[in-house]
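Hi,

Here is the structure I said I would pass on. Have a look at it first, and then read on for what I found in it.

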Amino acid sequence: MSENKLKLRVAVLGAGKMGGILLQAFVKSGLLDATDVTATVLHESRTEELSAKYGVTVTTDNVEAARNADVILLGVKPMFILSVVKQIAPVLKPGALLVSVAASITTAAIEGAAGGEVAVIRAMPNTPSQVLAGVTALCAGRFVQDEQVAVAERLFGAVGRTVVVAERLMNAVTGLSGSGPAYVFIMIEALAEGGVNVGLPRDVATVLAAQTVEGAAKMVLETGLHPAALKDMVTTPNGTTVAGILALEEGSLRATLINAVKRSAERAAELAG
Ligand SMILES: NC(=O)C1=CN([C@@H]2O[C@H](COP(=O)(O)OP(=O)(O)OC[C@H]3O[C@@H](n4cnc5c(N)ncnc54)[C@H](O)[C@@H]3O)[C@@H](O)[C@H]2O)C=CC1
Ligand SMILES: O=C(O)[C@@H]1CCC=N1
């Protein structure tokens, strides 16, 4: 494992849901040494509990955490990110890399808040990073070197797949894979409810639903076949599946999902201000 380690000091400013998932995974996967990671949160009352949970130093002092860091992962809510960047700008090491996971906030806005030629990478990960099955889209700001993109790919690669996209596509990514886990959780819950409705115990129904979603997703990723071809393999003429598909089409499942991604992407654009 040690040859795969990133020998970098990383500060996670805003170790909430997403920041916490990422920092735990970076350490657990062996990519970073716990001693090289520091994290911050807003409230002093949570630092002790989170230090114990994450196994890294957790404080409320963004400036101290950022001072010696090679990579600063910004995990605060979009509305707070520019003030946090302004706060840490005076202590940034030359060559430090800022990585923001904030929805909507552009690399240009972060560069502006940093007030200099600072390397900024914008990332949109998702919560399945917690089980190393995440997907993260990355885009680079104006002052980023190729090696810094490679560092970000290593970091997010430790928690799943990565793709590099043009920045103009980041809100679209947010609408699909950033918010998408929530849509899929709702689908799994609803499929399980269907199972309960036809007599299955809840726990069995939930396992059947979740494993079916995982298996179907794996088939798409591993066979490279079009989802429609895989759907056709399940669908016997005059059989059970096509009866279920009729119900999906009557309920406009496709249009509903297309709209979900579209509305979320539109909201991401709105939040950019
Ligand atoms: N939750 C998700 O599925 C995803 C979230 N994101 C992005 O991640 C960011 C955080 O979202 P969540 O983790 O869901 O929110 P959260 O509320 O769980 O985490 C935010 C954390 O920031 C801390 N914080 C607030 N102000 C601070 C400050 N001034 N200094 C240091 N820490 C401060 C809070 O204590 C909290 O721990 C957002 O920008 C969001 O757009 C991106 C992808 C997915
Ligand atoms: O709901 C949100 O705003 C964040 C961004 C992507 C997922 N959660």
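Let me start with one helix and what sits against it. The buried residues of α7 pack against β6 (119–124), β7 (134–140), α8 (180–197) and α12 (253–271). Before I go further, keep in mind that this is a predicted model. Helix α7 itself runs over residues 170–178, and 9 of its 9 residues are buried. By name, the buried residues are M170, N171, A172, V173, T174, G175, L176, S177 and G178.

Two residues of α7 turn up again around a ligand. The shell of ligand 2 consists of A103, T174, G178 and S179. Sorted by type, that shell has 1 nonpolar residue, 3 polar ones and no charged ones.

Now the overall picture, in case you want to orient yourself. The protein has 12 helices and 8 strands, and its C-alpha trace spans about 70 × 35 × 35 Å along the principal axes. Of the 273 residues, 38% are buried. If you take the contacts with a separation of 6 or more, 66% of them come from residues 24 or more positions apart.

UniProt has two domain annotations that you may want to lay over this, both from an unreviewed entry. One, "Pyrroline-5-carboxylate reductase catalytic N-terminal", covers residues 9–103. Over that span the chain is 39% helix and 20% strand, with the end C-alpha atoms 24 Å apart. The other, "Pyrroline-5-carboxylate reductase dimerisation", is placed by UniProt at residues 167–271. Residues 167–271 are 83% helix and 0% strand, and the end C-alpha atoms of this span lie 15 Å apart.

Next, α12, one of the partners of α7. It has 19 residues and reaches 27 Å from its first C-alpha to its last, close to the 27 Å expected at 1.5 Å a residue. S264, A265 and A268 are its buried residues. They sit on the same side of α12 because they cover an arc of only 95° around the axis. Which residues does α12 carry on the face turned away from its buried side? That face has the exposed residues A255, T256, N259, R263 and E270. As for the buried residues of α12, they pack against α7, so the contact I opened with can be read from this helix as well. After α12 comes G273, which has a positive phi, near 85°.

Helix α4 (78–88) can be read in a similar way. I81, V84, V85 and I88 are its buried residues. They are on the same side of α4 because the arc they cover around the axis is only 100°. M79 and S83 are exposed on the other side of α4. What covers the buried residues of α4 includes β1 (10–13), α3 (62–67), β4 (71–74), β5 (97–100) and α5 (107–114).

That brings me to ligand 1. It is surrounded by 25 residues, and the closest are G14, G16, K17, A102 and A103. The elements that give two or more residues to this shell are α1 (17–28) and α4 (78–88). By type, the shell around ligand 1 divides into 14 nonpolar, 9 polar and 2 charged residues. A103 is listed among the closest residues to ligand 1, and A103 also belongs to the surroundings of ligand 2.

Finally, two backbone details to look at. S104 is a residue other than glycine with a positive phi, near 80°. You will find S104 in the loop between β5 and α5. Is S104 buried or exposed? S104 counts as buried because 20 other C-beta atoms lie within 10 Å, and the cut-off for buried is 20 or more.

S252 is the other one: its phi is positive, about 55°, although S252 is not a glycine. S252 is in the loop between α11 (240–250) and α12. With 11 other C-beta atoms within 10 Å, S252 is exposed, as the cut-off for exposed is 12 or fewer.

If you open just a few views, I would suggest α7 with its packing partners, then the shell around ligand 1, then the loops that hold S104 and S252.

Cheers

Technical notes
Residues numbered from 1 in each chain as written. Chains lettered and ligands numbered in written order. Predicted model: local features only at pLDDT ≥ 70, side-chain atom pairs only at ≥ 80, totals over all residues. UniProt positions renumbered as here; feature names shortened; annotations may be inferred. Helix = DSSP H or I, 4+ residues; strand = E, 2+ residues; numbered from the N terminus. Near = placed C-beta within 6 Å. Nonpolar A, V, L, I, M, F, W, Y, C, P; charged D, E, K, R; others polar. Contact = placed C-beta atoms within 7 Å. Expected span 1.5 Å × (residues − 1). Arc of directions from axis to C-beta.
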